[in-house]
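User: Please take one part of this model and go through it closely. I would like the cut-offs for the terms as you use them.

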Amino acid sequence: MVKQESRAGDCQVGKKTEVSVENLQLEPIGIIHSCFTEKFGIPRQSGMIISATARLELLPPYNREEMVRGLEQFSHIWVHFCFHETIAEGWKPTVRPPWLGGQKRVGVFASRSPHRPNHLGLSVVQLKAIVWEKKKLFLELSGIDFLDQTPVFDIKPYILYSDCVTSASVGYAHGERPAGTVIFTEDAEIFCTAYLAQTGRNIRRLVEDMVLHDPRPASQKGNKNSFGMLLWKVNIRWRVEGDCFLVESCKEVTG
């Protein structure tokens, strides 16, 4: 069970409570404010697109400066979160991972599918800064793979000597190297330049990185129609022409 609202008034620091394993509940410690406002286009793994950014807002009573004391010494952190938009869809015992072209099934526990029994996710992301702003505590993150409004259950520092296993085998989950060229139409270039000046967000770089990794489902790889994805409140339209990714338009969504 995921509780979307923090119960600051019910919390007493250091108080121990009896918990029944059968009725275990998790309460979010924070909420993600992400550039990804819809599921399509989100990187398949964290770290793939460094230009993908988010802010993790810590919720009361976990937005205490002493709770992140020392965290600024680490370049990366583990983020434990919930695939909140898949809860209503339930979980599946087997799934079709994109690495196998979406055709072969493996067990859900042999995958990173969001359709898991408890819908829990785990990502390593870069910690850019810790910011106290308008009485709110934020962690500035990059290389993220989070949907906007994702609930966060815990954070931990990433420790290189123990967390990086260089001898690990990756099974069917082989890496994908981006290939091709990204071209922007004149209108798209003009929009990106203006958007950067207005917001400080380098949306051009983000769009380029995302389409270069080709977020199309395996079943749509041969589709030459235009695809759309929403970044912040900007609708991006693009299509594939051979080895070229053409960004046709970038338009801000109003309302």
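Analyst: A charge sits over a ring if NZ of Lys or CZ of Arg is within 6 Å of the ring centre and within 35 degrees of the ring normal. This is a predicted model, in which local features need pLDDT of at least 70 and side-chain atom pairs pLDDT 80 or more, while totals for chains, interfaces and linings use all residues. Residues are numbered from 1 along each chain, and side-chain values use heavy atoms, without hydrogens or water.

Arg 204 lies over the face of Phe 184, 4.1 Å from the ring centre. The part to look at is the sheet and the helices around these two residues. Arg 204 falls within helix H3, residues 203–212, and Phe 184 is in strand E9, residues 181–184. Helices (H or I, at least four residues) and strands (E, at least two) are DSSP runs numbered from the N terminus. The protein has 3 helices and 12 strands.

The sheet is open and consists of 4 strands in the order E9-E12-E11-E10, with mixed pairing; two strands pair if DSSP finds at least two bridges between them. E9 and E10 are the edge strands, each with a single partner, so one side of each has no neighbour in the sheet. Ignoring direction, neighbouring strands here are turned by 30° against each other on average. Between E11 and E12 the pairing is antiparallel and runs over 8 bridges. In this part of the sheet, Val 234 stands opposite Glu 252 of E12.

Helix H2 packs on the sheet, where E9, E11 and E12 are the strands touched. The direction of H2 makes about 55° with that of E12 (axes are lines fitted to C-alpha atoms, for helices over the stretch in contact; angles run from 0 to 180 degrees between N-to-C directions). H2 covers residues 186–199, and both Phe 191 and Tyr 195 lie in it, 4 residues apart, or about one turn of the helix.

The structure holds 8 aromatic pairs (ring centres within 6.5 Å; planes under 30 degrees apart are stacked, over 60 edge-to-face, the rest tilted). One of them joins Phe 191 and Tyr 195, which are stacked at 5.6 Å centre to centre with 20° between the planes. Phe 191 counts as buried because its relative accessibility is 17% (buried is under 20%, exposed over 50%, partly exposed in between, with a 1.4 Å probe and protein chains only). Tyr 195 counts as buried because its relative accessibility is 4%.

Other rings are grouped too: ring pairs link Phe 40, Phe 227, Trp 238 and Phe 245 into a cluster. Phe 227 is in E10 (227–231), Trp 238 in E11 (234–241) and Phe 245 in E12 (244–252).

Now back to H3. The buried residues of H3 are Ile 203, Leu 206, Val 207, Asp 209, Met 210 and Val 211. Their cover includes H2 as well as strands E9, E10, E11 and E12. Just after H3, Asp 214 takes a positive phi of about 50°.

For the protein as a whole, 37% of the 255 residues count as buried. Among contacts (heavy atoms within 4.5 Å) between residues at least 6 apart in sequence, 70% join residues at least 24 apart.

Notes. Phe/Tyr/Trp six-rings, centres within 6.5 Å; stacked < 30°, edge-to-face > 60°.
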